[in-house]
Structure formats: structure tokens, C-alpha cells
Amino acid sequence: MAEPIITMRGVTRAFDDRLAVDDLSLDVVPGTILGVVGPSGSGKTTTIRMLTGTLGRTAGEIRVLGEDPMEFSRRTRGRIAYMPQLFSLYEDLSAQENVGFVAALYGIGPFKRRALIRRALDVVDLWDARHRLARDLSGGMQRRLELACALVHSPDVLFIDEPTAGIDPLLRQSIWDELRELKEQGRTLLVTTQYVSEAEFCDRVALIVDGELVAIDEPEALRQMVFGGDVLQVDTVRAVDPELLSNEPGVERVRQTAPRQLMITVHDAGSMTPRIIDALRTGGVEVAGLEEHQPTFDEVFTGLVEQRRAARGHLDTDASERGAMPNA
Amino acid sequence: MRSIAQSIIRVASFTGKELRELMRRPGVLLSLIVGPFLIMFIFGLGYSGARDPFVTEIVIPRGNELPRDPEYYANLAPGRLDVREVGENSEPAEERLRNGDIDLLIVAPENASTELRAGRQTTIRVAWNQIDPVYDQLAGLATSILVSSLNAEIIEQAAAEGISFAEGEIEGEVTNVPPEIIARPTTAATENVAPTAPEVLSFFGPAVFALVIQHLAITLTALSMVRERLSGQMDRFRVAPVSSMELLVGKYIAYAVLSLAVTGLVGVLLVGVLGVPLLGGWLVFAAIVLLLTFASLGVGLLISLIADSERQAVQLSMLILLASVFFSGFVLPVSDFAAWTQYISYTLPVTHGIQTLQEHMLRGGVTSIWMLWTLLAIGVVLYIGSLLRLRRVLRTAD
């Protein structure tokens, strides 16, 4: 596995006495997309700003391209890009002029700039709107223009803060297509989003809630983490007793979602499917249909958050019990 | 070499961006050029510089031999007194003064000539009802002129009576000096040696011009930088390989170019259309404007770096404008203020701008060279201060 290009170790950021980010650790390897997912106010933007060096940290260590963001060299700054959450470009400049301005900030001369502007605007499908003033662009076009500005100097690492916030689903898909394309070109992306469903576009996903890292892994592994394995949805021709499968080896859990429907969690869907059909037939139940159920990421993250709360409740109970028995 | 070229590209990007943004707001641009000219034009047309004479009533008690013709007294202080009535009773006149029907009341002594011959001093009572400090001073001035003239009149009368008495006693000419010469032995022949005639528009034109340049530079810069901060652009600058020096120089150049362009246009209108003299050359004129702009941009940047919002930036700019109107010598001469207040005056770029522009345009050369150095010093100090502050701001939002 390649060396991480971004690392955070025990990073904490406090605003007065409130912890916005608490003891966060993560790695991002080159050429991948890390999605940072979490509800509004969970600390995603604070995290991304600490990574770009626009915000200091209270504790912990951060390395991006081998440097501390607070001490970035000019050369390293030239290799990264930051797309802020809010539209911050100049409304009185055209789309082309905005991209040109950002290109010039990176020291790109006027002759080379022209081609790069065209390429960046092409990527986000805004070339035809290049002469329109930024204030006359729709919200979605403004987000794409921000993205074009972030891309114009061909950065190696992109920090993109909520690129799809407030954008319709169709456009969200097209923006993610562009992000995936950038990843295919070998760039490393750290993208925050509050849309849980967008986790499936990422190579790895970090779930942040209340400034804490709840989980970080590949999307499929997170599914497994929540449901304890693959989930099979079985429809039968007559009502079925879930107890019929409870002792079957390889079956982790059986839930009855309807009189003639079971949701069965198994370790491996491929090997378990024929065995479950056999077990049901042996019990006198004909299978009308069987398919692997793909839980949505909303379900996955709800599950993860509930697991965290349960664990916390358990810890809190332990702590209060310890508090009640100081000598224990 | 490459990094110098990249620095130039970054500086130019800021300059170009600022100028483009301004060009996209034709209303702003129009008000920048037409506004100052229009203000000066209306000021020149509307302000005569002449103040209305004081509505005056004179009370000469019965038995006093002073003249009773109102025109006679009006002529003693030409243009300053509008003598409506010469009466004998002071009480109704006092009432009219308190009611504001008249501005000035003069009550002559009952028997001035007799008292003078007896070697005793008498008192002329003068009263006015003014809350305006300028009019209060002018009333005092008009009064002293009038009292001097009345004194001379009384001396003249006494002298004439004395000569007549002596002539009667010795039956011959006792002196060849006329009484009016005894009363007024000298007259003044006046001459203003200034190279230009003291006209209201000529005098205030450069002052308004300097004030407009300062206000323009302060407001535009303050708002520009505050907008960058509030819009989140500072985060972009923090991440990009941009230095605070490149950012500042880029903005300075943009506003210097703009100020010079506006100055050129307004200057041509000022001299060519309004006829304000420009005895010095255009080059020095531009240099003064550049120094004034440089210093004013520093003030604007300082405001932008301490203001939390556009509204606060505008408020602070307006405060500077207000301070400039009062303390810069625009309305009241700086020398009229207490010494410690003059320090406030000299920290304002416009104080130096007004005086040096007036000297250069109306006298043909700047004699207060130290003021140009002061402008440069204000500019350099504020530039360095802004640079250090911006460096901190750009380093981190923390």
C-alpha cells in the first residue's frame, strides 16, 4: 500500500471551551478519494480548514505532502487546491476571468493560462458560459465554477468542502463524475459532504459526528460493520417461522420483515445462498425469490451512529457506576 | 528569476482584478469622476463668500450731537452693517434684539463730546444675539470698526469745536490742521501681492479635490479588503502561494492607477472648465496626488484590517471624512487650533494634501516641502503596518 499523502494524528480543535474536532486520526493514500461524511456542524469544514492551513489546531499532528499545513512552503501550496464551502469568487468578473485570476495566483503566465482556463472550464462544462458574470450564474454553475478554479493549476491534492451542497441530484451526480475522473487521473481528493448517499462514490469514507471520528473504512466494509455481514432478502410462498434458520451454521441473524419475508445476515452471501434455500425446503418452505439486499448508506450511517450512541451509553453507565462506587 | 516573474504575475492579477471589478460598476466609476467635479461646480456657483450685513439699530440719546442719518453709520463699516433705524430709546431696541428682529444694537453715550472735553471716557454699548461662532467673531470685528469710526467722529467734533472756540478767542487762524486729519491722521492703501486673486472657488477647489482623493482611496480600499475577508477569499489566498506583499502591492497599484486617472480627468475639468489656476506644473501636481493617494490607501487598508463588516468600514471611513472636514484646514485654518489638536490635523493625509495643492496651484510652488515628506512617511508607516497585519491575517484565521 502506498504511503499516505495526508495524515492526521490525534488532531483536536477547540473554539473557546467547545471541541469542534476531537482527537481525529486518519490517512489518505495518493490517488484516492476520502469522503468525510457527517451532519451539518459535525466538524467537517474545521477538519478541511486545518488540513489546508487556513485554521490552526489545538493539538495533534497533521502532514500534507510531508509538510505541516501551518508551515506550507510555496512549492507545496502550488500542489494543493481548496474549494471552500461558500461561493467566494468575484461576482463582477466573468467565469473566465475568475478562473484566470486564480490561475494567476498560482503564478501561471497569460499565455499558458489561456489553455488551462479552457481545460478547467471544459471539465465542469462551463466553457460556453465563460463570458457570463459570476453573479449571473445559477447556484449549481457557481459551484462548478469554484471547482474549475480549484482545478486550473492541476493540483496533486484537492480539498473540496461540500461541492454538492444545495445542488439538485442530477448535477450532484455530474460533479461526482468529475471528481471520480480527477481521481482516475491520479489526483488525491478529500471531499466533505452531508449527503450520506454520496459515500458510495468514495474509495474510503470517514464518518464524523460531533467532531469525533465514528468510523473510517471502505464503503462496503462499513456496510459489513453495521450489519455484521451480507444481507439476503428471502421471499417465500407461504408464511415462514424465522426459527427455522436460527441454528443454521453461517447465519448471523434472521429478521422477519413480513409474514412471507425474511432478512438474513450471513457471513458470505455467495456461499450461503444455496444452503439457505436447502434449509428452507427441508423445513417445507418453498422460496419464491432471493436476492442480496444492498442497505442504503443512510441505513449504514444511522446504524453506525446508533452503535456509537449505544457504546457511549454503555461507557457512560460504567462511568456513573464507577462514580457511585469510588472504591471499586 | 522564475519566482520574480511569478510574483509579477500575482501582483498584476490583483491589480487587474481590482480594476476590472471597478469597470464593471459604471455607476461607481461615474460618481468617481463626475461626483467630485459636480460638487466643486455647484460649490463654485452657489457660494459667494459674502455674508449678509448685520441688521443694526443705533440708539443715540436725546441731547447727543452725533448724526442721526442711518446711511451715515452704514458707511462707517461698508458692507458689514445694515442700519435700519437710529432711535432715541434703547428699551424697545433691546426687545427687538432679544426677539432676533435685529442682529446688532449700538447705544451711544448721552454726552460724548462734553465728557471728552471734560477729560472723561464714555462707553458705547454694543450688543448682539448670535450662536454662530463665526458670526460672533464677525460681529465683534464690525463693532470694533464701528466704534473706531465713532471715536474718530467724536474726536473730530470735539476738535472742530475746540478750533472754533480758539478762533473766536484770538480772532485768527490757530491751526492749519483740519479736524478730520486730527481724528484720522492715517489712511490705508492696500495691496494683495499673492500671485492669484483670492477667489472662493480657486481657494476651495484644491481643498475639495484633496478631500475627494483621500475619501475615494480610503473608501475603496477599506471596502475592497473587507469584502475579501467576508467573502472567504482570504482562505483562497492563504492556500495559494500568494504573499501579503504581492496582495498589497497589487491593490496599491490598482488604486494608484485609478486615482491618477480620476485625478487627470477631474484636474482637467477643474482647471479647464472651472478656471481654477494651476501656476505649478502638472508633473508636481501628479506627484502630490500620488503621495496623497499612497498615504490615504494606507488609512483605508488599516480600516479594512480592523473593521469586522462593510458597515463598520463605511462608518470608520465617514469618521475620517468628518475629522478631515474639521481638522484638515478645509473649513477652519489649522493654526486656529490648540497645539495638541494640530497633531491630529497633521496625522490626516488630507491636511498636507490641501496645503500643498493650494500652494502648488495658487502660488506656483510648494513651500511646505516637509508636508510632502510627511505624506510619504504616513504612507510608508501605514503600508508597513498593514503589511505586518495582513501577514498575520494570511498566516492563519486563528
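Leu301(B) has a relative accessibility of 0% and therefore counts as buried, the cut-off for that class being under 20% relative accessible area. The model in which this residue sits is a predicted one.

Leu301(B) belongs to helix H11 of chain B, which covers residues 282-306. Once residues up to four places away in sequence are set aside, Leu301(B) touches Thr221(B), Met225(B), Leu248(B), Tyr252(B) and Ser386(B). Gln342(B), by comparison, is 41 residues from Leu301(B) in sequence, and the two C-alpha atoms are 24 Å apart in space.

Turning to the chain as a whole, chain B contains 15 helices and four strands. Its radius of gyration is 31 Å, whereas the globule rule gives 21 Å for 398 residues, and because the value for chain B is well over that figure, the chain is more spread out than a compact globule. Along the principal axes, the C-alpha trace of chain B spans about 110 × 45 × 35 Å.

Some further values for chain B are collected here.

| Property of chain B | Value |
|---|---|
| Residues that count as buried | 44% of 398 residues |
| Exposed area | about 20,200 Å² |
| Share of exposed area from carbon and sulfur atoms | 61% |
| Distance between the centres of the positive and negative side chains | 25 Å |

The two sets of charged side chains in chain B comprise 28 positive and 37 negative members. As for contacts in chain B between residues at least 6 apart in sequence, 75% of them join residues at least 24 apart.

Conventions: Residues numbered from 1 in each chain as written. Chains lettered and ligands numbered in written order. Predicted model: local features only at pLDDT ≥ 70, side-chain atom pairs only at ≥ 80, totals over all residues. Heavy atoms only, no water. Helix = DSSP H or I, 4+ residues; strand = E, 2+ residues; numbered from the N terminus. Rg over C-alpha atoms; globule rule 2.2 N^0.38 Å. Buried < 20%, exposed > 50% of the residue type's maximum accessible area, 1.4 Å probe, protein only. Contact = heavy atoms within 4.5 Å. Areas by Shrake-Rupley, 256 points an atom, 1.4 Å probe, with all protein chains shown as cover. Lys, Arg positive; Asp, Glu negative; His and termini not counted. Charge placed at Lys NZ, Arg CZ, Asp CG, Glu CD.
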